[in-house]
Amino acid sequence: MSTAVNQNPEQLARDRIDELLRAAGWVVQDKSAIDFGAGLGVAVREYQTDIGPADYVLFVDRSAVGVVEAKPETWGEKLTTVEDQSSGYANARLKWVSDAGPLPFVYESTGTITRFTDGRDPSPRSREVFTFHRPETLKSWSNAPFSFRTGLSKLPKLNTDGLRDCQITAITNLETSLQAGKPRALVQMATGSGKTFTSITQVYRLLKHAGAHRILFLVDTKNLGEQAEQEFMAYVPNDDNRKFTELYNVQRLTSPSMAGDTQVVISTIQRMYATLKGEDLDESLEDENPAEQKFRPKTPKPVVYNPKLPPETFDVVVIDECHRSIYNLWRQVIEYWDAFLVGLTATPDNRTFGFFKKNVVSEYTHEKAVADKVNVGNEVYIIETKVTKGGGKVQAEQLVEKRERATRAKRWETQDVDEAYAATQLDRSVVAPDQIRTVIRTFHDQWRDIFPGRNELPKTLIFAKTDSHADDIIQTVREEFGEGNEFCRKITNGAKNPKSSLTSFRNEYYPRIAVTVDMIATGTDVKPLECLLFMRDVKSKNYFEQMKGRGTRVVKPDDLKKVSPSATAKTHYVIVDAVGVTKSVKTASQPLDSKPSIPFKDLAMNLMMGDRTEETVSSLAGRLARLDHKLTPEDQEKVTELAGKPLSAVIRDLFDAIDPDKAEADAIAAGHPEPDDAAMNAARENRIKQAANVFTGPLINTLDTIRRDTEQTIDHDTIDEVIAAAWAGDADENAKAIAQEFEDYLKEHRDEIEALTIYFDTPARRAEVTLSMIKSVLKKLTEDRPRLAPLNVWRAFAHLDDYKGETPNGDLTALVALIRRVTGLDDKLTRNSDRVRRNFQNWIMQRHSGAGAKFSDAQMDWLHMIRDHLISSFTIERDDLELAPFDGKGGMGQMYHLFGDQMEDVMTEMNEALSA
């Protein structure tokens, strides 16, 4: 009986190492058959050195550049213990090679685990790599003046011009981490604080100063990729007047091919996975954030070596929204690369910290960003209705409308029995138009109280449950606000021209309201946005924080006024909670093996994306088999057109793909008379791949639409009613907190701001307080404490004082009234205009009560103009008489003509009397 060769553990490991080397472009040769002309890279087995034979010596272009120390697979856990041995071979004298010097590239490998050390690094340290580097790579590295890690130590001091403090901290700490050779780093920066700008600045410095060859910017939706591309195109470094894209080539991947001269590659993680497999990708798969899918296959997506995209393709991988990308299936894609991993997120959780080994180089929270005025804070306004909270009932014997979700086609039928529906069914299987109308009408009636002093509705984003729900909301908004199409638009992936609508929402007056399902839920920058109306609940804590981040971004006052003319500054944003989203329990993203239910669409899309588990194929085939019995002839025709074959054939192919007999037959046909596990798996994988090729985004969407109950019941008879419409939390406590903060601020600055000094210390001189003085108070107040904008503080005092009057028209008059309230001049909140008019009336009555001369009608007209001037400008002076409205009535000359030498006395007397 013959003995099989290469069966001991070390020989088996060498067989696997030979395969890895060949796959990476090396020609593997025995020492007795060396032929350097066989290829650029030659790996010679058992090459002799002065301390014994090295397992492999690597030659590139006939020059020795590295060694490989081979160990059995069982040595994986102690591979680092042989580093001295491999280093010894790297420093040894090679037979037939003169003056080779220490070889820079050192590997230890079991064929399963491979570790690599670059001897050119400042502090050479081994790291695990996916496989061996290609000969072309080692040639390039050998010819380079220094290694990338050495280049990191040469980074010049950061030019901080145009950078925020939080960005300076992030870049400085990240570069310290990179210089220390830490493989992973987490940049936590609040939404709106400039994460992408920070990362582009870092990418620029790595390319320009550290010798980085190529950098990958990884996102998880096409929308975020397009936005990142725009930011790279707009970026101008602070040490060069050229744009980034004039200095370096940037490519956003839209196909499996990547240009060789590209320095920055932007890609979704879905497309990068497909590219690694050499496959194209349906663009629709890039629209949806994969982390939000409910289905989590137990097996991560397999990643195999791609010679066109070897692991050393990128020096650094920047992972945007990394709290989503690193979970579950996509970790394999990220860890394929022999690169530094830099994560960007505003909302990390424990798994994020764990993945990045708790190397948090920047910890800039939303609270810090608000304190630094990089973000604005939020307030929560609750709208609660009876149906939203408790659902409703469709009564028997009523004529009920049925509507198809997608086509919106309607029909009517008589309801057989009473049918109650829960709040969770709203806008899914049942639509209660009056529930939507009640929420929108309440918002319409209350928005002026929510945003006092505003003439137009602030830019508002409504989060809907589905596209169908979004359409219902849009129609209701337009009706309730009495506006046309441009006032409210849908911005979802399924909408027409979503990018154009998003640009208009960001930069133009219309639309005032945008309705979205998920397209601008995360990552999209709409700085003028001041209101988020939630009409859908969210269970993911991170996703909710990201959605809230749409409102937190700061915007320059002038830019805000371009789209919202009556706005003065963005001091905060408001969450209008119409579904209890701020109160519902939130969870972290689902763990890998958590799948209480697997939505059909997620199952099909995961198969298309490369999930080849038998569980997935079997489940999907079973569901399609059940669906096949329900299809109408029209449905069958539609599916056949999209799939290129009948659904029954699709199902048969799926079942055949996991049939072991057919897999065995394929393996035998492929040249394996007695197929082993590897041959069987390869045959099975190929069958599943062929069966999965039929699935595209349009086909999956069509099947999902047919599968679902496509009709919604429209409950026209249930009339909803508002239970509550008020600010969230304890209203008294909230008002007291804001009022106290405002009072403390005034007292803190009473000695440094002239107007406050007068009001606090010498109130008898308050007639001397001018408009410019009050403007100075307002400017400093809004700069220091944006949330203490006078109209916001007014609302708090109005609640505490049970004030029922009108809100002031602007911040200046509100501020004067509030200062008077805090300093004790007024016991209760009083509008400046009301107080001035009352004081004017009393002053006139006093002047006319005696025996002296009364003011003439002409004089009274002037006194009324002065009164109105004092309402908004607080004092009247001689120079004011040459301005409107006085100049139109003859100015100072006319007043002198009417009042003679008493003109100055009248103005002084009115300043004092009306400021009382």
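**Salt bridges, aromatic pairs and backbone geometry**

Arg 184 and Glu 335 are joined by a salt bridge in which the closest N and O atoms are 3.0 Å apart. Because Arg 184 belongs to strand β8 (residues 184-189) and Glu 335 to helix α11 (residues 331-335), the pair ties together parts that are 151 residues apart in sequence. The two partners are covered to unlike degrees, in that Arg 184 is buried, with a relative accessible area of 15%, whereas Glu 335, at 30% relative accessibility, counts as partly exposed. The coordinates described here are those of a predicted model, and a search of the whole structure finds 48 salt bridges.

Further salt bridges can be described in the same terms. Asp 784 is paired with Lys 780, the closest N and O atoms being 3.0 Å apart, and both residues lie in helix α29 (residues 771-784), where they are four residues apart, about one turn of the helix. Asp 784 is partly exposed at 30% relative accessibility, and Lys 780 is likewise partly exposed, with a relative accessible area of 27%. The side chains of Asp 656 and Lys 662 also meet in a salt bridge, with an N to O distance of 3.9 Å, a value that is within the 4 Å used as the cut-off; Lys 662 in this pair is partly exposed, its relative accessible area being 31%. Beyond these pairs, a network of salt bridges links Glu 10, Arg 14, Glu 46 and Asp 55.

Glu 46, a member of that network, is also notable for its backbone, since most residues other than glycine have a negative phi, and most peptide bonds are trans. Glu 46 is not a glycine, yet has a positive phi of about 50°. This residue lies in strand β2 (residues 41-49) and is partly exposed, with a relative accessible area of 25%. A positive phi, of about 75°, is also found at Phe 874, again not a glycine; Phe 874 is placed in the loop between α33 and α34 and, at 10% relative accessibility, counts as buried.

The loop that holds Phe 874 contains other features. Pro 885 has its place in the loop between α33 and α34, and the peptide bond joining Ala 884 and Pro 885 is cis, with omega of about 5°. Asp 879 is found in this loop as well, between α33 (857-873) and α34 (891-899), and counts as exposed at 61% relative accessibility. Together with Glu 877, Glu 882 and Asp 887, Asp 879 forms a negative surface patch. A cis peptide bond also leads from Tyr 510 to Pro 511, with omega near 0°, and Pro 511 is located in the loop between α17 (498-507) and β23 (513-516).

Aromatic contacts were examined across the whole structure, and 31 aromatic pairs were found. In one of these, the rings of Phe 105 and Trp 141 have centres 6.0 Å apart and planes at 55°, so the pair is tilted. Since Phe 105 lies in strand β5 (residues 105-109) and Trp 141 in helix α3 (residues 135-143), the contact ties together parts that are 36 residues apart in sequence. Phe 105 counts as buried at 0% relative accessibility, and Trp 141 is buried with a relative accessible area of 19%, a value under the 20% that bounds the buried class. The rings of Phe 534 and Phe 544, with centres 5.4 Å apart and planes at 65°, are by contrast edge-to-face, because an angle over 60 degrees is required for that class. Phe 534 is part of strand β24 (residues 531-534) and Phe 544 of helix α18 (residues 541-548), so this pair ties together parts that are 10 residues apart in sequence, and both Phe 534 and Phe 544 are buried. One aromatic cluster is formed by Phe 197, Tyr 204, Phe 217, Phe 232, Tyr 235, Phe 244 and Tyr 248.

With regard to the chain as a whole, the secondary structure comes to 35 helices and 27 strands, and 53% of the 916 residues count as buried. The C-alpha trace spans about 140 × 80 × 40 Å along its principal axes. Within this extent, Ser 429 and Asn 809, which are 380 residues apart in sequence, are 45 Å apart in space, C-alpha to C-alpha. Ser 429 is found in the loop between β19 (419-421) and β20 (430-431) and, at 26% relative accessibility, counts as partly exposed.

Conventions: Residues numbered from 1 in each chain as written. Predicted model: local features only at pLDDT ≥ 70, side-chain atom pairs only at ≥ 80, totals over all residues. Heavy atoms only, no water. Patch = residues over 30% accessible without salt bridge, like charges linked within 9 Å, V, L, I, M, F, W, Y side chains within 5 Å. Areas by Shrake-Rupley, 256 points an atom, 1.4 Å probe, with all protein chains shown as cover. Lys, Arg positive; Asp, Glu negative; His and termini not counted. Charge placed at Lys NZ, Arg CZ, Asp CG, Glu CD. Helix = DSSP H or I, 4+ residues; strand = E, 2+ residues; numbered from the N terminus. Buried < 20%, exposed > 50% of the residue type's maximum accessible area, 1.4 Å probe, protein only. Phe/Tyr/Trp six-rings, centres within 6.5 Å; stacked < 30°, edge-to-face > 60°.
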